[in-house]
Amino acid sequence: MNTAVHSNVAILVLVVLFAADPAAAWRPWPQNANRMNVSDYAFGDSKKYEGSSEFVKLRYHMGPVLTTNITVHTIWYGRWERNQKKIIREFINSISAVNSPRPSVAAWWRTVQLYTDQTGANISKTVRLGQEKNDRFYSHGKSLTRLSIQSVIKSAITARTKPLPINPRSGLYLLLTADDVYVQDFCTSVCGFHYFTFPSLVGYTLPYAWVGNSEKLCPGQCAYPFAVPAYIPNMKPFKSPNSDVGVDGMISVIGHEMAELATNPLANAWYAGQDPTFPVEIADLCEGIYGTGGGGSYTGQVLDAHDGATYNMNGIRRKYLVQWVWSHVLNYCTGPNALDH
């Protein structure tokens, strides 16, 4: 494998966005492009994480975390190509694949595993694919709200044929929308979010995440750095490691939301801030950081594959670019490609 470490100076200032309701939200582009200052992008002292550990007050609020083997039940909403599904499935399978080449997705998950519940039990090291549900005919339309997302999940667990199993304790329900589906706040403020279903609406309290394929609607916003916003001239996007800009852009968002679901599934476990309806979670603290030196305007040092694609960790057979997460043991953002490991 012919790889070379290189440092990417990102022009985007990556900010933490709080959702309008108690769900974590993720977006990798500036809130106000018109206010960007050239001095924000100048080289300064390299830093390992965004913000000082002295100011990060990540606390455990005594709620449950996912300590039992985690099973990911996927809902494919809309039309998906076979290879697109393979890319995402392998990423999920790679979380528990201990024999993947270094730096690995499994090593990235080991930081998530460090988090515990009130009994001292760690988050499960085992993440496996569960059953899947295909919703090829857009049963709830091509424009979804946050509430109708929960209705899609209800339809999947109550379907007449092959319903998804109901697993409140260790199930993680992953709703993935195709590139022609618009979700409330998609592109304008979020690329993905997580929460839990309401018993009054779905019948059960199930931790879930939604992530959308942005390739047609807003790749520059949600598939960065494999696509670049139009308001940033003369910046060349990175080559995606799996030759699918939309899906490769989704991978980091999926990782972000899965890490937060594992550590804060019911919005009462691990987060910073005083208000549980506006939590800052372990992936929010590291938005836009993919390697050593990341923080502020820098994505950090990542890797070049032999074909010129950009990545920072290996799966079973594929390469991925996934943001780092916060370690409450080290008190900074970290990942398997950190140069000080």
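C187 is a buried residue in this predicted model, because its relative accessible area is 16% and the cut-off for counting as buried is under 20%. The residue sits in the loop between β8 (182–183) and β9 (192–196), and although C187 is not a glycine, its phi is positive, at about 75 degrees. A second residue of this kind is A267, a residue other than glycine whose phi is near 65 degrees and thus also positive. A267 is placed in the loop between α6 and β11, and at 17% relative accessibility it counts as buried. Such backbone values deserve a remark, because most residues other than glycine have a negative phi, and most peptide bonds are trans.

The peptide bonds of the model also include cis examples. The bond from R102 to P103 is cis, with omega near -10 degrees, and P103 belongs to the loop between α1 and α2. Another cis peptide bond joins Y224 and P225, where omega is about 10 degrees, and P225 is found in the loop between α5 and α6.

**The protein as a whole**

The protein contains 6 helices and 17 strands. It has 341 residues, of which 57% count as buried. When contacts with a separation of 6 or more are considered, 76% of them are accounted for by residues 24 or more positions apart. The protein exposes about 14,300 Å², and carbon and sulfur atoms supply 51% of that area.

**Cores and helix packing**

In soluble globular proteins, nonpolar side chains tend to be buried together. In this model the largest nonpolar core has 81 residues, and those with the most contacts inside it are I88 and W109. Helix α6 (residues 245–263) gives the largest share of this core, namely 9 residues. Apart from this core lies another one, of 5 residues, among them F238, Y290, V302 and L321.

W109 can be followed in more detail, since its contacts are listed one by one. Leaving aside residues up to four places away in sequence, W109 touches I70, I95, I123, S124, K125, V127, M258, A259 and A262. W109 is one of the buried residues of α2, together with V105, A106, A107, W108, T111, V112 and Q113. Helix α2 (residues 105–113) is accordingly described as mostly covered, with 8 of its 9 residues buried.

Two packed helices are described by the angle between their axes and the distance between the axes. For helix α1 (residues 82–94) and α6, the axes come within 10 Å and cross at roughly 30 degrees. Helices α1 and α6 are therefore roughly parallel to each other, as angles under 35 degrees count in this way, and their crossing is right-handed. On the α1 side the contact is made by Q84, I87, I88, F91 and I92, and on the α6 side by V247, M250, I251, I254, G255 and M258.

Helix α6 also packs against α2, at an angle of about 30 degrees and with the axes 10 Å apart. These two helices are therefore roughly parallel to each other, and the crossing of α2 and α6 is right-handed. Here W108, W109 and V112 in α2 meet G255, M258, A259, A262 and T263 in α6.

**Further buried residues**

The table gathers four residues that count as buried, each with its place and its relative accessible area.

| Residue | Place | Relative accessible area |
|---|---|---|
| S214 | loop between β10 (207–212) and α5 (219–222) | 1% |
| G288 | loop between β11 (270–272) and β12 (300–304) | 4% |
| T74 | strand β4 (residues 70–77) | 1% |
| H256 | helix α6 | 1% |

The surroundings of these residues can be described through contacts or through distances. Not counting residues up to four places away in sequence, S214 touches F186, P219, C222 and A223. With the same neighbours left out, T74 touches L129, Q131, E132, K133, L164, L174 and L176. For H256, the C-alpha atom is 8.5 Å in space from that of I282, although H256 and I282 are 26 residues apart in sequence. The C-alpha atoms of G288 and Y224 are separated by 9.6 Å, while the two residues are 64 residues apart along the chain. Y224 has already appeared above as the residue joined to P225 by a cis peptide bond.

Key:
Residues numbered from 1 in each chain as written. Predicted model: local features only at pLDDT ≥ 70, side-chain atom pairs only at ≥ 80, totals over all residues. Heavy atoms only, no water. Buried < 20%, exposed > 50% of the residue type's maximum accessible area, 1.4 Å probe, protein only. Contact = heavy atoms within 4.5 Å. Areas by Shrake-Rupley, 256 points an atom, 1.4 Å probe, with all protein chains shown as cover. Core = buried A, V, L, I, M, F, W, Y, C linked by side-chain atoms within 4.5 Å. Axes fitted to C-alpha atoms, helices over the stretch in contact; angles between N-to-C directions. Parallel < 35°, antiparallel > 145°, perpendicular 65-115°, else oblique. Left-handed = near helix turned anticlockwise from the far one by under 90°.
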